[in-house]
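Student: I have a structure to go through, and I would like to ask why its features carry the labels they do. Could you set each value against its definition?

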Amino acid sequence: MNSEKSRLAMRAARAVIPGGVNSPVRAFGSVGGDALFIDRAKGAYIYDIDGNKYVDYVGSWGPAIAGHAHPEVLEALGQVMQRGLTFGAPTEGETRLATEIRDLYPSMERVRLVSSGTEACMAALRVARAFTKRDKILKFTGCYHGHADMLLVKAGSGALTLGLPDSPGVTSAATQNTLVAPYNDLDAVKAVFAANPNEIAVIILEPIVGNAGFIKPLPGFLEGLRELCSSAGTLLLFDEVMTGCRVALGGMQALTGIKPDLTTLGKVIGGGLPLAAYGGRQDIMSMIAPEGPVYQAGTLSGNPLAVTTGLKTLEIISRPGAFAALAAQTAKLVSGLKAVMASRDIPFTADSEGGMFGFFFHPGPVASLEQAKGADTARFKKFFHAMLQRGIYLAPSAFEAGFVSMAHSDTDISRTLECAEEAVKES
Ligand SMILES: Cc1ncc(COP(=O)(O)O)c(C=O)c1O
């Protein structure tokens, strides 16, 4: 596959953008080689500037759930943009989207729209600290909640892939109130609580981890956290930026019936434009300015274009049968990959929920970042490149989740599995 134009484009980009990219994992740092420069995308496919076509399992890291450039989303966007791009004043669309979110996530009694998942998590933690009048927060190893200083401690995603769990520039003062425990280890969490009595404002976690590969909570883990928080006066924050409207329309909280006090959303709810949200119990959210004293603001928060693409995307994925079909397609991909690897006795573990999946070259089970680190990353790297050569675009890291869209057809899945068969012969 010719990638000369991408190679040259990367050289030009590096001269003006750090590492040539505007978000680290895009640079192919952990798999080697040059990143592809994308020209356009449609449905399940992306096309690079060399004219190569790929079945896309990154989906812009989650938002492209309805398929790229869905005609109805483009149509809605085209109409709304004629009326102006942004006003910095309230619009009715914001209320419609907030209401839609509250209907899908009843725990989010009040919703504030922001522009990125980072912002949503940062603001939700601020209000959690203000509400509880406590300073400490507890997060889990391998969970990523954006790049706010206090959260760049043992974080997943790019921070993990690049081996930079604690970024230079983050002061020890910024992280001194951030406690960390291993995911899926309730005893460790209890020990942290015992060592910090009445001091922990909030537990923040990905209810399925997507930033250390794909790791599900063990039975009882989320329930245990809920109980612990309720008895300790600590708030429970589900960061559903990735899992929201992705593992189910109502996220992991709908699947488990566990009600967090606060939730963050992003990715899918913006339908491909910058939009995220945080929300939760009304008594907590009423502390936010201008209703209360906790400050949080944004020039482009709830801008009409992102609200429109978000609303239209939610409408599309809420249609009868749409989500079940997505989940079935994703499960088909995962069981097919497992069969391919099993036929060659390759240690492999894979799983999915809704339209999100992940795999490790590891015999399994993988329930934590510590276990995920035992995966064969050299094999992943070869597999990744062998798939890319055949026109299958996977996340360029062994520690990222994958995403299927409603546009992925049976033919796309079959073709992917044929490519996997060939790729493992080669790698
Ligand atoms: C679970 C989770 N939280 C927060 C974020 C940060 O979102 P953003 O990249 O929009 O700032 C991400 C991004 O991947 C995420 O996966």
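Student: What makes the crossing of H3 and H11 left-handed?

Tutor: A crossing is left-handed if the near helix is turned anticlockwise from the far one by less than a right angle, and right-handed if clockwise. H3 and H11 cross in the left-handed sense, and their axes, 9 Å apart, make an angle of about 40°. Axes here are lines fitted to C-alpha atoms, for helices over the stretch in contact, and angles run from 0 to 180 degrees between N-to-C directions. The model is a predicted one, in which local features need pLDDT of at least 70, side-chain atom pairs count only at pLDDT 80 or more, and totals for chains, interfaces and linings use all residues. Residues are numbered from 1 along each chain as its sequence is written.

Student: Which residues make the contact between H3 and H11?

Tutor: H3 contributes Gly 93, Glu 94, Arg 96, Leu 97 and Glu 100. From H11 come Pro 304, Val 307, Thr 308, Gly 310, Leu 311 and Leu 314. Two residues are in contact if their C-beta atoms, placed from the backbone, lie within 7 Å. By class, the contact has 5 nonpolar, 3 polar and 3 charged residues. Ala, Val, Leu, Ile, Met, Phe, Trp, Tyr, Cys and Pro count as nonpolar, Asp, Glu, Lys and Arg as charged, and the others, Gly among them, as polar.

Student: How do you know that the span of helix H11 agrees with what is expected?

Tutor: The expected span is 1.5 Å times one less than the number of residues. H11 (residues 304-317) has 14 residues and should span 20 Å; its end C-alpha atoms are 20 Å apart, so the two agree. Helices (H or I, at least four residues) and strands (E, at least two) are DSSP runs, numbered from the N terminus.

Student: Why is H11 called mostly covered?

Tutor: Of its 14 residues, 11 are buried. A residue is buried if 20 or more other C-beta atoms lie within 10 Å of its own, exposed if 12 or fewer, and partly exposed in between, with C-beta atoms placed from the backbone. The buried residues of H11 pack against helix H2 (71-81), helix H3 (92-104) and helix H12 (322-342).

Student: Why does Val 307 count as buried?

Tutor: Val 307, in helix H11, has 25 C-beta neighbours inside 10 Å, which puts it in the buried class. Setting aside neighbours within four places in sequence, Val 307 is in contact with Gly 93, Glu 94, Leu 97, Leu 275 and Gly 302.

Student: What makes Val 80 partly exposed?

Tutor: Val 80 has 19 other C-beta atoms within 10 Å, and therefore is partly exposed. Val 80 lies in helix H2 and, apart from neighbours within four places in sequence, is in contact with Pro 304, Leu 305 and Thr 308. Its C-alpha atom is 9.9 Å from that of Val 307, 227 residues away along the chain.

Student: Why is Cys 245 called buried?

Tutor: The count for Cys 245 is 30 other C-beta atoms within 10 Å, so the label is buried. Cys 245 sits in the loop between strand S8 (235-239) and helix H9 (251-256), and its phi is near 55°, a positive value in a residue other than glycine.

Student: Why does Lys 267 count as buried?

Tutor: Lys 267 has 26 C-beta neighbours inside 10 Å and is therefore buried. It lies in the loop between strand S9 (262-265) and strand S10 (276-280), and has a positive phi of about 45° although it is not a glycine.

Student: Which helix gives the most to the shell around the ligand?

Tutor: Helix H4 (residues 117-132) does, with 3 residues. A residue is near a molecule or strand if its C-beta atom, placed from the backbone, lies within 6 Å of it. Of the 17 residues around the ligand, Ser 116, Gly 117, Thr 118, Gly 146 and Val 241 come nearest. The shell has 6 nonpolar, 9 polar and 2 charged residues.

Student: What makes H4 mostly covered?

Tutor: In H4, 12 of the 16 residues are buried, among them Gly 117, Glu 119 and Phe 131. H4 is followed by Lys 133, whose phi is positive, near 55°.
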